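Reader: I'm new to this structure and would love a close look at one part of it, the metal site. Could you walk me through that, and then show me how the rest of the protein is arranged?

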Amino acid sequence: MFVMGLQITHLGSGSRGNSTLLESDDCKVLIDCGFSLKQIEKRLSRAEVDPGLIDAIFVTHHHGDHSKSALMASKKWGSRLYCNIETAMKMGWNPISDCRTFGSLERVEVRNEISVLPIPIPHDDAENIALIVSNGDGNRAGFVTDLGEATVELKRHLRGCTHISIEANYDHSKLMQGPYPDSLKRRISGRGGHLSNSQTAEILKEIMNPGLKSIVLCHLSDKNNAPHIAESEVLMRIADEFKGQIFISEQSGPDFKIDVSVEK
Ligand SMILES: [Zn+2]
Ligand SMILES: [Zn+2]
């Protein structure tokens, strides 16, 4: 019996910082690096990972909660930094000396072990991307945060995933009754904002397949959402068909490790 795997550790998620660690046998990748360098190193050490072993850092978009220490970390750890050209320009990163850029739907291979497919998603002033990750054993994992709505293309790719980490940013009535000014409420709930719990539930319902084993809800707003609200709203919509596990990634992290693997 030979077990190949992809381990996923959410190092923390929310408006004050996002980062997710992916590990296969010989390869380690970070998706986003939105904490201070000190904080990300602390979280990696809690996950028992030497930062010097991170092969690559993918930055989904330029907002600080996803990009904050990415360049510093890549230089200090010797990790290759990847993003699209628009994000590089917004960050002021040199696309030759600082980072490698990729186009939409252009697959990037890291050490011939982890393959990453970037899919454009609508978000504010950002050229944001969702990432579909595979490690060659037939399993795929999707990572989706910071989007106002799901595109047809994104849903097509999510349909084949064994694991999905997806934002459930706000509860609609909590947002509307909450303290934010109307303009911010409109921005968050608009096409370029974030997904509400019910939007996320609807997307998961639409893309549900028997192969989906685990879901992580992430990027929850601490003012306009709560873990039990997000989880119950999603479960209410998908419980009939979904037989896997559901987790919540919180701002504090890292709190759990998910293994997406197949026995061969
Ligand atoms: Zn964000
Ligand atoms: Zn953002």
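Author: Happy to! Let's begin at the zinc ion (ligand 1), keeping in mind that this is a predicted model. Its protein donors are Asp65 (OD), His66 (NE2), Asp146 (OD) and His219 (NE2), which lie 2.1 to 2.2 Å from the ion. Along the sequence, these donor residues follow the spacing D-H-x79-D-x72-H.

What angles do the four donor atoms subtend around this zinc ion? They run from 92 to 153°. A tetrahedral label needs all angles between 85 and 135 degrees, so the arrangement counts as irregular. For reference, ideal tetrahedral angles at a metal are 109.5 degrees.

One of the donors has a second partner. Asp146 bridges the zinc ion (ligand 1) and the zinc ion (ligand 2), and these two ions are 3.6 Å apart.

Are the two donors that sit side by side in the spacing buried or exposed? Asp65 has a relative accessible area of 14% and His66 has one of 0%. Buried means under 20%, so Asp65 is buried, and so is His66.

Now let's step back to the whole protein. It holds nine helices and 14 strands. Its C-alpha atoms fill a box of roughly 45 × 45 × 35 Å along the principal axes. For 264 residues, a compact globule would have a radius of gyration near 18 Å, and the 17 Å found here agrees with that. Of these 264 residues, 56% count as buried. Among contacts with a separation of 6 or more, 65% join residues 24 or more positions apart. On the outside, the accessible surface comes to about 11,400 Å², and carbon and sulfur atoms account for 50% of it.

Next comes the interior. The largest nonpolar core has 30 residues, and the members that touch the most others are Leu154, Leu158, Ile164, Ile166, Leu204, Ile215 and Leu217. Elements giving two or more residues to this core include helix H5 (152-158), strand S11 (163-167), helix H8 (197-207) and strand S12 (214-218). H8 supplies the largest share, four residues. Take Leu204 as an example: beyond residues up to four places away in sequence, Leu204 touches Ile164, Ile166, Ile215, Leu217, Val234 and Ile238. There is also a second, separate core of 23 residues, with Val116, Leu131, Val133 and Val260 among them.

Two more residues are worth a visit. Leu195 sits in the loop between helix H7 (182-189) and H8. Even so, Leu195 is buried, with a relative accessible area of 0%. Setting aside neighbours within four places, its contacts include Leu147, Gly148, Glu149, Ile166 and Tyr170. Leu195 and Tyr170 are 25 residues apart along the chain, yet their C-alpha atoms are separated by 7.0 Å.

The other one is His163, which lies in strand S11. His163 is buried too, with a relative accessible area of 0%. Which residues does His163 touch, not counting those up to four places away in sequence? Among them are Ile8, Arg140, Phe143, Leu212, Val216, Ile258 and Val260. Val260 is the residue already named in the second core.

Definitions and conventions
Residues are numbered from 1 along each chain as its sequence is written. Chains are lettered from A and ligands numbered from 1 in the order in which they are written. This is a predicted model: local features need pLDDT of at least 70, side-chain atom pairs count only at pLDDT 80 or more; totals for chains, interfaces and linings use all residues. Side-chain values use heavy atoms; hydrogens and water are left out. Donors are N, O and S atoms within 2.8 Å of the metal (3.2 Å for Na, K and Ca); water is not among the atoms, so sites may look incomplete. Four donors count as tetrahedral if all angles lie between 85 and 135 degrees; four count as square planar and six as octahedral if opposite donors are over 155 degrees apart and all others between 65 and 115; anything else is irregular. Buried means under 20% relative accessible area, exposed over 50%, partly exposed in between (1.4 Å probe, protein chains only). The radius of gyration is taken over C-alpha atoms; the globule rule is 2.2 Å times the number of residues to the power 0.38. Contact means heavy atoms within 4.5 Å. Accessible areas come from the Shrake-Rupley method with a 1.4 Å probe; for residues, only the protein chains shown count as cover. A nonpolar core is a set of buried Ala, Val, Leu, Ile, Met, Phe, Trp, Tyr and Cys residues joined through side-chain atoms within 4.5 Å.
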